[in-house]
Amino acid sequence: MKESTRSILKLHGWRIDRAFHNWLYFSRYDPYVKIFLKMGDLVIGALGNFRPTGRLFKMVYARYHAKVITPNEAAKIIKLDKDVNYGPAEQIIPFPYANKIIIEEPEWLAVMDCPCRLSRETHCEPVSTCLAVGKVFAQLWLEHGTRFHPRRISKEEALQIVKDRRADGCITTAWFKVATGGRTGVICNCCSCCCGGLQGMRVVKKIKGAEGITNVAPSGYKVDHDPNKCDTCGTCAQVCIFDAITSDEHGRPVYNEEACMGCGLCVEKCPSQARSYNAEFKDGVFPLDLDLAAEMKKEGRL
C-alpha cells in the first residue's frame with residue numbers, strides 16, 4: 001500500500017467511503033468532473049423549476065465549494081514553513097462542513113493538470129494550473145494522479161504559476177470538499193470559461209428555491225474606487241468575471257458591491273491605480289488570511 005493511501009485512510013478514519021471518494025477524485029478526476037457537470041446540467045434542465053432542486057444544490061454545495069483568495073493570501077499559504085490547524089472556521093469559510101484551515105508538511109508542493117480544463121472540448125492553456133500545498137494532497141497526486149502529470153515544485157514556481165495565471169485573467173481560489181477531509185490544501189487558478197465551480201455558481205441562480213445558495217464564497221474584501229485617479233479606460237469592467245463592474249454612458253465604472261467577490265483582478269489590472277482593497281471586510285466574512293486566522297484563534301474567535 002502506498003504511503004499516500006495510508007494517509008488518506010488515516011485522514012478519514014472509519015469513513016472508508018470518503019477515503020475511496022478522496023482517491024477517486026484525484027486519480028480519475030477528468031471523467032469525474034465531466035460527469036458531475038453533465039449531471040448538473042441534466043438536473044437543471046429537467047427539474048430546475050422545482051423547489052426541491054434548490055435544496056439538492058444546497059446540500060451539494062455545503063460539501064463541495066470554494067473560497068476566493070487574493071494573491072497575497074495565496075502567497076502566505078504557499079510560503080508556509082510550519083503546520084497550521086485553524087478550524088472549523090465558518091467565519092472565514094462560510095459553509096457548515098468543509099471549512100478547516102489545516103495544512104501539514106507545507107514544504108510539499110505540487111502542480112497538476114486542471115480537471116475543469118480537461119473536461120472541456122476546447123479549453124484554455126496551459127492545463128497545468130492546480131496546486132497542492134501540504135503532503136496529504138501533494139503526495140496523493142504524485143502517487144495516484146500520474147495520468148495528469150503531477151510534479152513537485154518549489155515555492156517560487158508555485159508563486160509564479162499564480163502570477164502568470166492572474167496575468168491571463170484567472171482568479172485564485174481555495175477548494176474544500178468533505179470527501180477530501182474538508183481542509184485547505186488545493187489552490188486553483190480559475191478561468192471563467194472552463195471552471196466548473198464558477199459555472200455551478202452561475203447556473204444555480206436560475207433554479208427556483210435556490211435564492212442565496214452558492215458554492216463560491218467571496219474573499220471578504222470590498223474594493224474602493226478613486227474617481228480622481230480614474231481615467232475611465234474601462235479595464236476594470238473588462239477584467240471582472242463576476243459582472244460586478246459595468247460602465248455608465250460616460251464610460252465611468254459602476255460598482256455592484258453585492259456581485260463583487262473581492263478577487264482583486266480589477267485592483268491589479270487598473271493602469272491608473274484607481275482601485276484598492278477596502279480595510280472593512282464584506283458582510284462579516286473574513287479573508288482566508290493565515291495571519292488573520294492565527295489572530296482570530298488566539299482571541300478565541302475560531
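**Exercise 1.** In this predicted model, determine where P88 is placed and which form, cis or trans, the peptide bond from G87 to P88 takes.

*Solution.* Begin with the secondary structure on either side: β2 covers 84–86 and β3 covers 101–103, and P88 sits in the loop between these two strands. Then turn to the backbone, where the bond leading from G87 into P88 has an omega near 0° and is therefore cis. For context, most peptide bonds are trans.

**Exercise 2.** Find the loop that holds P126, and give the omega of the peptide bond that joins E125 to P126.

*Solution.* The elements to locate are α6 (115–118) and β5 (128–133), since P126 belongs to the loop that runs between them. The bond between E125 and P126 has an omega of about -5°, and this peptide bond is cis.

**Exercise 3.** For H149, state the sign of phi, the loop in which the residue is found, and whether H149 is buried or exposed.

*Solution.* Although H149 is not a glycine, its phi is positive, at about 55°. As a general rule, most residues other than glycine have a negative phi. The loop in question connects α7 (135–144) with β6 (151–152). Finally, H149 has a relative accessible area of 53%, and because exposed means over 50%, H149 counts as exposed.

**Exercise 4.** Carry out the corresponding analysis for D243, covering phi, loop and accessibility.

*Solution.* D243, which is not a glycine, has a positive phi of about 55°. Its place is the loop between α10 (235–239) and β11 (245–247). With a relative accessible area of 61%, D243 is exposed.

Note on methods:
Residues numbered from 1 in each chain as written. Predicted model: local features only at pLDDT ≥ 70, side-chain atom pairs only at ≥ 80, totals over all residues. Heavy atoms only, no water. Helix = DSSP H or I, 4+ residues; strand = E, 2+ residues; numbered from the N terminus. Buried < 20%, exposed > 50% of the residue type's maximum accessible area, 1.4 Å probe, protein only.
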